[in-house]
Amino acid sequence: MISPVSTLPRSAHRSRPEATPYLDLTRAEWSALRDKTPLPLTAAEVEKLRGLGDVIDLDEVRDIYLPLSRLLNLYVGSTSGLRGALNTFLGEKGSQAGTPFVIGVAGSVAVGKSTVARLLQALLSRWPEHPRVELVTTDGFLLPTKELEARGLMSRKGFPESYDRRALTRFVADIKAGKDEVTAPVYSHLIYDIVPGQKLTVRRPDILIVEGLNVLQPALPGKDGRTRVGLADYFDFSVYVDARTEDIESWYLNRFRKLRETAFQNPSSYFRKYTQVSEEEALDYARMTWRTINKPNLLENVAPTRGRATLVLRKGPDHKVQRLSLRKL
Ligand SMILES: Nc1ncnc2c1ncn2[C@@H]1O[C@H](COP(=O)(O)OP(=O)(O)O)[C@@H](O)[C@H]1O
Ligand SMILES: CC(C)(COP(=O)(O)O)[C@@H](O)C(=O)NCCC(=O)O
């Protein structure tokens with residue numbers, strides 16, 4: 001039996017357990033909730049989904065991501081149940097076709113969001129009820145380098161203002177509205193810019209996963225001061241991938257070190273210059289990027305959205321999820 005645990009300091013627990021909107025679970029409590037969900041992936045498939053520097057194996061998939069895939073399958077099922085109720089209410093006006101179930105995946109640069117999102121895509125698409133699972137990353141909606149330069153935002157890449165937020169929200173709204181075909185621009189880490197002329201097309205998926213730093217940010221008010229609808233307003237479920245800031249920094253630097261030996265070697269890489277200097281000089285640049293861009297963005301914009309997520313996955317220094325907080329209903 002799992003009991004609600006408050007996020008207050010221990011001393012406060014003793015006197016009066018404080019109410020919290022989350023149910024806090026240990027890794028062991030969570031992994032027991034997998035029930036009989038079969039493991040549909042092989043070690044080789046997991047290896048292919050793993051991002052550079054991320055540590056993930058079949059045990060982690062079984063203990064953390066299979067229970068999550070079971071929970072999401074139940075949520076998708078109950079949403080179609082609700083749709084049935086709505087159609088009954090609407091009577092002749094009913095017969096509403098289903099809209100895609102939208103999942104947001106948020107967290108810092110280098111926390112491993114993309115691995116979580118790719119794993120969820122692979123696991124959820126194995127369920128016969130929702131085979132068509134599309135994954136979109138928000139980097140496609142970053143402003144092109146030319147525009148970032150014109151607005152003086154090159155050192156704010158990843159901050160909310162570096163995105164075309166209106167286009168991103170429109171994109172997800174169109175998919176949620178059931179449009180047959182919706183397109184998004186494509187970002188390349190290689191050229192560090194939007195790829196001219198390239199488009200990603202999404203055609204009526206059963207589930208859409210939207211992954212990115214700022215997906216849980218509320219919409220900014222418009223110029224007229226009025227509240228707007230934001231991206232997260234379209235989410236049916238959201239996951240925040242969390243870890244200690246110091247751990248994320250070391251993952252970021254390790255990944256930079258590995259990229260320097262791999263992707264940066266490509267003559268077209270924007271970062272090729274860091275293969276031409278010593279590792280220490282290259283790492284100085286990465287440390288500065290972390291200190292001046294990614295860490296402030298994490299602290300000012302990303303972490304404050306954690307409390308909006310349906311589920312928070314808290315990773316330990318070894319990337320393994322140690323604790324989970326699930327929003328109560
Ligand atoms: N400069 C780069 N060159 C090539 N790939 C990169 C570069 N920076 C990040 N990546 C890759 O892009 C993906 C997204 O990275 P990021 O936005 O930091 O999110 P996360 O680490 O949370 O998945 C990761 O798979 C990462 O390995
Ligand atoms: C492309 C990113 C902004 C992440 O975008 P996301 O997919 O989360 O929208 C980030 O990975 C990035 O490149 N940041 C710039 C600073 C740096 O080079 O680390």
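**Exercise 1. Find where ligand 1 makes polar contacts in this predicted model, starting from Ser 108.**

Step 1. Begin at the backbone of Ser 108: one of its N or O atoms is 3.5 Å from an oxygen atom of ligand 1. A polar contact is counted within 3.5 Å, so keep that cut-off in mind as you go on.

Step 2. Move to Ala 110, where a polar backbone atom sits 2.9 Å from an oxygen atom of ligand 1.

Step 3. Now try a side chain. An N or O atom in that of His 189 is 3.0 Å from an oxygen atom of ligand 1.

Step 4. Turn to the cover: on its own, ligand 1 has 550 Å² of accessible area, and the protein covers 79% of it.

**Exercise 2. Which residues and helices form the surroundings of ligand 1?**

Step 1. Select the shell, and you will find 13 residues. Ala 110, Gly 112, Lys 113, Ser 114 and Arg 255 are the closest.

Step 2. Look for helices in that shell. Two of them, H5 (113-124) and H8 (245-261), each contribute at least two residues.

Step 3. Finish with the site itself: ligand 1 takes up the space of the largest pocket.

**Exercise 3. Describe how ligand 2 is held by its neighbours.**

Step 1. There are 15 residues around ligand 2, and those coming nearest are Thr 138, Tyr 163, Leu 213, Tyr 252 and Asn 294.

Step 2. Check the side chain of Thr 138, where an N or O atom is 2.4 Å from an oxygen atom of ligand 2.

Step 3. Add two backbone contacts. A polar backbone atom of Leu 213 lies 2.9 Å from an oxygen atom of ligand 2, and for Asp 139 the corresponding distance is 3.2 Å.

Step 4. Of the 480 Å² that ligand 2 exposes when taken alone, the protein buries 92%.

**Exercise 4. Where are helices H9 and H4 kinked?**

Step 1. Take H9, residues 279-302, and compare its ends. Its 24 residues would reach 34 Å in a straight helix at 1.5 Å a residue, but the end C-alpha atoms are only 29 Å apart.

Step 2. Look along H9 for a bend: a kink of about 40° is centred on Trp 290.

Step 3. Repeat for H4, residues 58-90. With 33 residues, H4 spans 45 Å from first C-alpha to last, close to the expected 48 Å.

Step 4. H4 has a kink too, of about 40° at Tyr 65, shortly before the proline Pro 67.

Step 5. Just past the end of H4, note Gly 91, whose phi is positive at about 55°.

Terms used
Residues numbered from 1 in each chain as written. Chains lettered and ligands numbered in written order. Predicted model: local features only at pLDDT ≥ 70, side-chain atom pairs only at ≥ 80, totals over all residues. Heavy atoms only, no water. Helix = DSSP H or I, 4+ residues; strand = E, 2+ residues; numbered from the N terminus. Expected span 1.5 Å × (residues − 1). Bend = angle between axes of the 7 residues up to and from the residue. Near = heavy atom within 4 Å. Polar contact = N/O pair within 3.5 Å; in protein donor to acceptor, adjacent residues only side chain to side chain. Areas by Shrake-Rupley, 256 points an atom, 1.4 Å probe, with all protein chains shown as cover. 1 Å grid on protein atoms, 1.4 Å probe; cavity = no way out; pocket = protein on both sides within 12 Å on 5 of 7 lines; lining within 4 Å. Sits in = over half its atoms within 2 Å of the grid points.
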